[in-house]
Structure formats: structure tokens, C-alpha cells
Amino acid sequence: MKTFTIGGVHPKENKLSKGVAISIAPIPERVMIPLSQHVGAPANPIVAVGDIVKVGTKIGESAGFVSANVHSSVSGTIEKIDMYPDLSGNKKQMIVIKTDGNDEWEPTIDRSTTLQKDITSFTPEIIKEKIAIAGIVGMGGATFPMSVKLTPPKDVTIDYLLINGVECEPYLTADHALMLEKAEEICVGIELIKKALGVSKALVGIENNKPDAIAKMQQVATAYQGIEIVPLKVKYPQGSEKHLIQALTGREVPSRKLPASVGTIVCNVASTFAVYEAVIKNKPLIDRIVTVTGTGLTTTANVLTRIGTSFSDLLNVVGGLPEGTDKVISGGPMMGRAVRSLEIPIMKGSSGVLCMTEKEAHRKPETNCIRCGRCVDGCPMGLEPYLLYALSKKSMFAELNEHNVTDCFECGSCSFSCPAHKPLLDYIRLGKAKAIQILQNEAKKEVDKK
Amino acid sequence: MLTVSPSPHYQSETSTTKLMCNVLIALVPALIFSVYVFGFSALLLTLVSVASCLLFEFVIDKWLFKNQNYSIKDCSAIITGVLLSFNLPNSLPLWMVVIGCLIAIGVAKMSFGGLGCNIFNPALVGRVFLLISFPADMTTWSKVSEYTVDGTTGATPLGMVKEGIMSGKTIADLSLPSTTDLFIGNIGGSLGEISVIALIIGGIYLLCTKTITWHIPVSVLGSIAVFSCILYLANPELNANPIFHLCTGGAMLGAIFMATDYATSPMTSFGKIIFGIGIGVLTVIIRRFGAYPEGMSFAILIMNALVPLINKIQHRRYGSKN
């Protein structure tokens with residue numbers, strides 16, 4: 001069975017919400033929709049306070065090539081357009097909409113659930129345009145605008161579309177639930193992306209801890225030309241774009257290059273489903289499936305949630321924040337972000353809400369490095385985390401660059417595997433930021449000289 | 001109030017103490033065998049060695065380092081104590097054992113900064129110090145016959161070979177122990193090195209619990225086998241066969257427990273293989289051409305010194321293929 005070859009770790013899976021059917025979250029009284037839910041320039045607001053909007057009304061206009069449209073996820077009145085803290089704690093521009101309770105949708109959106117497999121009427125240009133209008137971004141967490149992804153540089157030929165159904169983060173099951181319930185739609189979505197890119201072959205990577213999803217997708221995919229379901233050996237971080245490419249095709253993306261440079265485009269299954277909805281049903285990206293989980297919860301859920309719903313509203317679905325919860329994470333435990341308040345919104349890239357009990361939330365005390373090499377063995381980029389950690393601690397940023405610190409994508413395998421519980425990634429992250437800054441300054445100086 | 005911290009929010013179950021305890025568990029079969037063969041004097045020697053290692057580490061930690069969080073809790077000093085005693089003949093006076101522990105813990109480990117900072121394997125430094133300081137006591141072996149001590153002293157198989165070759169005999173002239181005796185441990189030698197089978201059981205336990213990886217033991221033993229096989233094929237009169245080399249003189253103890261010491265072995269898998277091959281080749285060279293019959297300890301210490309250089313070798317990075 002295939003997997004990537006360098007490094008990797010095996011965190012305890014803890015997929016508590018495995019097999020839980022998708023439920024629909026109630027529409028909250030108020031949503032907060034950030035204008036920056038993607039990599040690139042924040043969208044420009046095109047509504048004013050007091051405006052009436054419907055579900056699917058465009059409220060933020062894409063501000064350039066690398067940017068994405070933002071739509072209202074509820075029907076109601078624009079209450080405020082102001083700066084509010086987001087996941088990271090930084091203040092970002094958000095549009096607050098008070099819902100009117102009617103849940104009135106834009107008339108262009110087809111709300112029926114009938115499956116439409118026929119895509120002959122859509123040309124590649126129409127597909128790309130519809131995806132751009134719908135504001136679709138990579139929903140696996142990187143939130144790279146899909147329209148940019150589908151416009152690869154002219155000098156490269158794309159021969160593989162790779163679909164990411166790996167979901168290697170512990171706890172999360174949102175993509176798993178989606179594959180079980182919307183396999184047909186995902187396959188039509190794959191056909192659409194294939195058509196837009198002009199490629200004939202799509203590989204869907206699914207880790208073999210989801211045998212039901214593999215079986216379901218395989219059964220559905222037989223009716224489609226050129227969609228192959230590839231079961232993968234369980235290993236974290238297989239869901240990383242670069243590692244999925246290596247696992248499925250054996251190719252490696254060079255340092256600081258995009259997947260297109262090795263002839264591949266990677267899309268998450270949730271984004272693929274969003275493409276189906278956008279192209280066939282004219283539905284912009286206004287909701288997504290979020291896993292609500294944690295060992296302290298009595299029930300866990302995979303919830304179809306409107307973008308902009310606050311964490312506290314979403315947690316009401318499972319009976320509110322349980323007693324003794326000490327940490328709430330947006331995303332999975334390996335790469336997710338701990339939030340400081342529950343009054344922050346679910347965004348296009350939020351795949352899960354994970355509640356940790358006090359015992360789980362605190363790190364174990366740090367001891368001496370015993371030089372066991374587990375961090376080196378675990379690093380999927382083949383870096384030397386122990387060395388990067390030491391260099392960063394000593395502010396040796398030039399040396400950090402020499403040791404390729406910029407290749408680190410912060411998967412956390414090093415900190416996870418360390419028997420001395422060293423905060424390896426904390427320091428590497430700091431050093432990486434500084435090292436990138438230095439590289440950028442140098443590049444700037446070069447430009448100034450010329 | 002919610003706790004906020006950077007990712008990852010997940011830590012593996014393993015810890016330094018757990019890894020050290022795994023090594024201790026893996027040493028139990030060899031300890032049981034040595035007590036069975038040499039009697040309770042072996043257990044006493046091991047206990048004295050462990051106790052003095054713990055004591056020296058505690059004293060240095062408390063009064064020299066002024067640490068609040070005592071490092072003896074991580075159990076690494078116990079391993080040093082057990083490994084040092086496994087490298088000593090059971091007839092060694094106990095005061096010498098204590099001196100060996102002082103050198104191992106005080107000089108080789110704590111003077112570099114404690115666990116993880118030492119360059120050389122502490123137990124081996126202790127052993128080599130004793131070997132050079134008290135050569136007579138360190139090379140007097142109880143002769144083991146049918147698993148009991150008969151009171152006379154004998155030589156280790158490697159010692160017999162060395163002496164024999166020196167006095168002009170060939171391998172065939174010497175009455176060496178059979179392969180079965182070598183494998184079970186029916187030979188003379190240090191406490192823990194004699195029984196190949198007990199050490200292999202420990203090694204399998206370490207591999208199964210993922211305490212160590214296969215790279216070092218396999219490359220050490222593999223290169224000893226290959227190199228001694230070349231010598232054996234070139235001149236079987238003066239060179240013992242590969243199986244003899246693998247089963248004697250602490251080759252197993254060194255490959256499984258000493259060379260795999262985390263702090264003094266390389267960080268990368270590729271480095272570990274180079275390290276292991278170096279140890280294997282040096283061991284056979286010292287055994288065959290050096291003044292001492294046994295070369296494992298020296299080979300490991302020499303390769304320990306090269307670890308910082310080996311760590312400089314760039315290993316395979318993602319994206320370097322294209």
C-alpha cells in the first residue's frame with residue numbers, strides 16, 4: 001500500500017465522530033463573516049450597514065488575482081462592518097449580519113438535492129468562472145483560492161488531478177462523513193475540475209483507516225472515466241499537499257514551488273464537493289461540514305454549518321461547552337489553532353472544533369534532549385528539527401536558512417514525537433519567521449541596488 | 001478562560017523515563033543469566049554499580065549543578081550502572097567497581113552536562129578506565145563449566161585466540177568452545193556479555209517497543225560478520241570464523257545496548273549505519289591486529305568521537321529528488 005517515504009508519525013487517531021451522520025446546524029441569530037478567509041488579499045466589502053441580504057448574496061468582492069469572493073450565509077440585515085479578533089487573535093475586518101429568520105435564498109441557487117451528472121453544457125471557461133464567483137478556497141485548511149489553483153502557469157502541463165481524502169489529523173471526520181454521504185457529488189465535482197484543467201486522470205487518496213469511505217468511493221467511481229481511488233497507509237502528515245503528491249505519484253515538489261511545477265493539482269474532497277455545488281447548483285461557498293469533537297463531549301457531530309456561525313453557537317449542537325474544557329482548537333490537534341474565545345466565526349477553512357480537557361490541554365514538562373533522533377526520523381521534509389531548534393534559540397538565522405528552515409510547514413511531527421517534550425516547533429516557527437524576513441530584506445536590497 | 005498555546009496540541013505517549021525503563025527491562029534476561037551462572041556475587045556487583053552510579057549522579061546534581069529537578073529520576077544512571085557491571089568480570093573487587101562508576105558518571109557523563117550532553121558512552125569510559133588501570137583484575141575470569149563456577153580461572157574465547165596466535169599456534173590447534181556453548185553462554189567472560197541468546201531476547205524487546213531502530217545493531221553485527229568472514233576466507237589458520245566473532249567478547253552487548261546509546265550515536269538513520277559499520281570494522285581490526293584481545297569498547301568509543309562529524313552528513317530531504 002502506498003504512502004510517502006520520508007519521515008512521518010503515528011498519532012493516536014481518536015476519531016470519536018467516525019460514522020456519525022452529517023447533521024444540520026440551526027441558523028444562528030447573528031453571523032460574523034470575515035472578509036479574509038483565504039490566502040491573499042482580503043475581499044472588499046460591497047454592502048453597507050442596514051442593507052438587506054439573502055443567503056448567497058455577494059458581500060465581499062475579490063480584491064485581485066489571489067483573493068476570493070465572500071457571500072452572506074444567512075438572510076437578514078447587515079448590522080456592522082468592523083474589526084473583530086479572528087482565530088489568531090488579530091483584528092480582521094468582518095461583516096456582522098443579523099438573521100431575519102426567513103432563510104431566504106438568492107433565486108439563482110438551485111436548492112434541490114437531485115444529482116446532475118451531465119456536465120457537457122459547461123465549458124472549462126464557464127467552470128472556472130463559476131468557481132471564482134462562488135468564492136471557493138482550499139477547504140483542507142490552507143485556504144488557497146481555487147480559481148488561482150485552476151489557472152496554472154502556461155509553461156507547465158498538468159497530467160494528474162489529485163483529490164485529498166486523507167484527513168490525517170486525529171479527531172477530524174468531516175471529509176470522511178462527506179465521502180460517505182456525497183460520493184456521487186464528489187465524483188461529478190472531480191469531473192468538473194478535470195474538465196476545467198483539461199486533465200484525464202484523477203487519483204483520490206484515502207487512508208485505509210476509512211475502509212467504508214474507500215469502498216463507497218470505489219463503487220461510485222467505477223461509473224466515471226479516469227477516477228481512481230487509491231487506499232493509502234495511515235501516516236501523518238499524509239494530508240499535506242506535498243506528501244500526498246509523493247504518496248500518489250512518487251513526484252516531489254521542489255523547495256518553494258507549487259504542486260503545478262510537477263504537473264499536479266491537489267484539491268480537498270470538501271472543495272471538490274463545493275465545486276459541484278457551485279457549478280451545477282450555482283451555490284456559493286456559504287456552508288461547510290465541521291467536526292465537533294473532544295473526549296469531554298457526550299456526543300460528537302459532523303455538522304453542516306453556515307460560514308460565520310460562532311464557535312459557541314456551534315457547540316450548542318452538542319449541548320454546549322462541557323465542564324472542565326480547558327482548550328478549544330479550531331482544526332485538528334496537530335496543526336489546529338487554540339482559540340482564546342468562543343466568539344470567533346467558523347470560516348471556509350475550519351474543519352473541526354476540538355474541545356480538550358484540562359489534562360489533555362497542558363504540555364508535559366520539558367527535560368534534557370537525549371539526542372534520540374526521533375524528531376529527525378519523524379520530519380516529513382527530512383530536516384533536522386533538533387538542530388533548527390538549537391539554532392533558533394541562539395538566533396543564528398543565517399544558519400537556519402542554510403539548513404532549509406523555510407521548508408518546514410509546521411506539521412508538528414517533531415514536537416509530537418519528542419520523548420523529552422521539547423517545544424521544538426515553537427522555536428522553529430519563530431526562527432523560520434525571522435529567517436524568511438531576512439531573506440525578503442536581502443531580496444529587497446538586491447532590487448534596490450538595480 | 002481558555003488555554004492558548006501554539007500547535008501541536010498533541011504529544012506522543014513516550015518519554016525519556018519510559019524509554020530508559022524499556023532498556024532496563026531488556027537487560028533483565030542477561031542479568032538473570034549472569035546471576036544463574038556466576039551466582040549472587042554477580043547480583044551484588046550489579047547492585048553496587050547501580051547504587052554508586054545513582055549516588056554520584058545525585059551528589060553532582062545536587063551540590064555541583066544545584067539542580068532542583070534531580071536527573072536521577074530519568075533512570076539513565078541505573079542503565080549506566082547495569083551496563084558497566086555487565087562489562088566487568090565478577091571477581092573484580094567492589095572498590096574498583098565504585099571507582100569505575102565515579103569515572104563513568106562523574107567524568108564521562110556529568111562533566112559534559114549530564115544526560116544527552118556526553119560525547120562518550122559513560123559505561124564504556126568507566127570500563128576502559130578500569131581496564132587500563134587494573135589490567136590484571138580486569139582480565140581474570142571465572143571459568144564457567146556446565147553453567148556453574150568451579151573455582152578455577154580461565155580465559156575468554158577471544159583471549160584464548162589472541163594468546164594462541166601470539167605463541168605461534170593456529171586456530172585449529174586451540175580447544176575453543178563449541179558454537180552452541182558460545183550461543184548459550186557456556187564460556188568465560190564479563191557478567192553480561194556471555195549469553196548471546198539472552199542479549200538477543202533483550203534486543204528483540206527493544207526493537208518491538210521501538211526503543212531502538214534496527215540500523216545500529218544490524219550494521220555493527222553485519223560488518224563484523226562480513227569483515228571477519230573476509231579474513232577467515234583469506235587465512236583460516238590465523239582467523240576465527242565469523243560466528244565466533246559475533247558470539248564472543250561483548251559483540252552482542254555492544255551492538256544492542258552500548259552502541260545504540262542515544263546521546264552518543266548519530267541522529268539520522270544513514271548516520272547510524274555508517275556509525276555501525278565503523279564499529280564493526282574497528283572491532284575486528286583491534287581483535288585481530290591490536291594488543292588487546294577484545295576491541296568492542298575501543299571501537300565504540302572511537303566512533304563516539306566521530307558522531308558530531310557523522311551528524312554533519314546531509315541526509316535525504318524532501319524535494320531533493322528532482
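Guide: A nonpolar core is a set of buried Ala, Val, Leu, Ile, Met, Phe, Trp, Tyr and Cys residues joined through C-beta atoms within 7 Å. Buried means 20 or more other C-beta atoms within 10 Å of a residue's own (12 or fewer is exposed, in between partly exposed), with C-beta atoms placed from the backbone. This is a predicted model, where local features need pLDDT of at least 70 and side-chain atom pairs 80 or more, while totals for chains, interfaces and linings use all residues. Residues are numbered from 1 along each chain as written, with chains lettered from A and ligands numbered from 1 in written order.

Visitor: How many residues are in the largest nonpolar core?

Guide: Look in chain A for A:I131, A:L161 and A:L162, the members with the most contacts inside this core. Counting every member of that core gives 139 residues.

Visitor: Which residues does A:I131 touch, leaving aside its neighbours within four places in sequence?

Guide: Contact here means C-beta atoms within 7 Å. With those neighbours set aside, A:I131 is in contact with A:I136, A:M146, A:S147, A:L150, A:V275, A:A278 and A:V279.

Visitor: How many residues does the other core have?

Guide: This one lies apart from the core around A:I131. Try finding B:L84, B:V97, B:A240 and B:A259, which are among its members. In full, this core has 82 residues.

Visitor: Which element of chain A gives the most to the side that touches chain B?

Guide: The contact takes 50 residues from chain A and 31 from chain B. On the chain A side, β15 (325-330), β16 (337-339), α10 (374-378), α13 (413-417) and α14 each supply at least two residues. Top of the list, with four residues, is β15(A).

Visitor: How far apart are the axes of helix α11 and helix α14 of chain A?

Guide: α11 covers residues 385-393 and α14 covers residues 424-449. Among the residues that meet are A:L388 and A:Y389 in α11(A), and A:Y427 and A:I428 in α14(A). The two helices pack at an angle of about 60 degrees, and their axes (lines fitted to C-alpha atoms over the stretch in contact, with angles from 0 to 180 degrees between N-to-C directions) are apart by 8 Å.

Visitor: At roughly what angle do helix α4 and helix α5 of chain A cross?

Guide: Helix α4 spans residues 183-197, helix α5 spans residues 211-221, and their axes come within 9 Å. A:A183, A:E184 and A:C187 of α4(A) make the contact with A:K216, A:M217, A:V220 and A:A221 of α5(A). The crossing angle is roughly 55 degrees.

Technical notes: Two residues are in contact if their C-beta atoms, placed from the backbone, lie within 7 Å.
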